[in-house]
Amino acid sequence: CTLSQLPPGGLTEVVIDGRSLEIANVEGRVYAMDGICPHRNAPLGQGALHGTSVVCPWHAWEFDCRTGIHDYNPSVRLETFPVKVEGDDILVEL
């Protein structure tokens, strides 16, 4: 995925080495998080981005894309990954 493909407010799903991730652009800052919802294995990158919250497309579970923390249960947390933008390229460290 490139920065030009992911404008601010954008959310997408990518697969890197067989692992599904969601990539979110929040006001020009890019975040990467595990792309599978722990509730029913939904693809989070196909959901919606509301501010910093990624909303699951199946049952509306919400996770903060900066921290991976579930909005109602902080003990539920998805893995987040460092992101670096070089030119137009979005690089995620797994």
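The questions and answers below walk through the strands, cores and selected residues of a predicted model.

Student: In what order do the strands of the four-stranded open sheet stand?
Tutor: The pairing in this sheet is antiparallel, and its edge strands are β1 and β7, each of which pairs on one side only. With those two strands at the edges, the sheet reads in the order β1-β2-β3-β7.

Student: How many bridges join β1 to β2?
Tutor: Strand β1 covers residues 11-16 and runs antiparallel to β2, and Glu-13 stands opposite Glu-22 in β2. The two strands form a hairpin with two residues between them, where Asp-17 takes a positive phi near 50°. The number of bridges that join β1 to β2 is six.

Student: Which residue in the turn between β2 and β3 has a positive phi?
Tutor: β2 and β3 pair in the antiparallel sense over six bridges, and in β3 the bridge partner of Ala-24 is Tyr-31. The hairpin that these strands form has two residues between them, and the one in the turn with a positive phi, of about 50°, is Glu-27.

Student: What is the bridge partner of Met-33 in β7?
Tutor: β7 is one of the edge strands of the four-stranded sheet, and β3 pairs with β7 in the antiparallel sense over two bridges. In β7, the bridge partner of Met-33 is Thr-80.

Student: Is Asn-25 buried or exposed?
Tutor: Asn-25 lies in strand β2, a strand that is mostly covered, with seven of its eight residues buried. The relative accessibility of Asn-25 is 2%, and the cut-off for a buried residue is under 20%. Asn-25 therefore counts as buried.

Student: Which residue has the backbone oxygen that the side chain of Asn-25 reaches at 2.7 Å?
Tutor: Leaving aside neighbours within four places in sequence, Asn-25 is in contact with several residues, including Leu-3, Pro-7, Gly-10, Val-30 and Leu-49. At 2.7 Å, the side chain of Asn-25 reaches the backbone oxygen of Leu-6.

Student: Why is one side of β4 and of β6 left without a neighbour in the sheet?
Tutor: The open sheet of three strands has the order β4-β5-β6, with antiparallel pairing. β4 (48-50) and β6 stand at the edges, so one side of each is left without a neighbour, and the reason is that each has a single partner strand.

Student: Which residue in β6 stands opposite Ser-53?
Tutor: Strand β5, residues 53-55, pairs with β6 in the antiparallel sense over three bridges. Opposite Ser-53 in β6 stands Asp-64.

Student: Which strands each supply at least two residues of the largest nonpolar core?
Tutor: The largest nonpolar core has 14 residues, and among the members that touch the most others are Met-33, Leu-44, Val-54 and Phe-63. At least two residues of this core come from each of β2 (19-26) and β3 (29-34).

Student: How many residues are in the other core?
Tutor: This other core lies apart from the largest one, and among its residues are Leu-21, Ile-23, Phe-81 and Ile-90. The number of residues in this other core is eight.

Student: Is the pair of rings of Trp-61 and Phe-63 stacked, tilted or edge-to-face?
Tutor: The structure holds one aromatic pair, and the rings of Trp-61 and Phe-63 have their centres 6.4 Å apart. Planes under 30 degrees apart count as stacked and those over 60 as edge-to-face. The planes of these two rings stand at 40°, so the pair is tilted.

Student: Is Phe-63 buried or exposed?
Tutor: Leaving aside neighbours within four places in sequence, Phe-63 is in contact with residues including Met-33, Cys-37, Leu-44, Ile-69 and Leu-78. Its aromatic partner Trp-61 is partly exposed, with a relative accessible area of 26%. At 0% relative accessibility, Phe-63 counts as buried.

Student: How far apart in space are Pro-74 and Val-14, C-alpha to C-alpha?
Tutor: Pro-74 is found in the loop between β6 (62-64) and β7 (80-81), and this residue is exposed, with a relative accessible area of 59%. Pro-74 and Val-14 are 60 residues apart in sequence, and their C-alpha to C-alpha separation in space is 25 Å.

Key. Residues numbered from 1 in each chain as written. Predicted model: local features only at pLDDT ≥ 70, side-chain atom pairs only at ≥ 80, totals over all residues. Heavy atoms only, no water. Buried < 20%, exposed > 50% of the residue type's maximum accessible area, 1.4 Å probe, protein only. Core = buried A, V, L, I, M, F, W, Y, C linked by side-chain atoms within 4.5 Å. Contact = heavy atoms within 4.5 Å. Phe/Tyr/Trp six-rings, centres within 6.5 Å; stacked < 30°, edge-to-face > 60°. Polar contact = N/O pair within 3.5 Å; in protein donor to acceptor, adjacent residues only side chain to side chain. Pairing = 2+ DSSP bridges.
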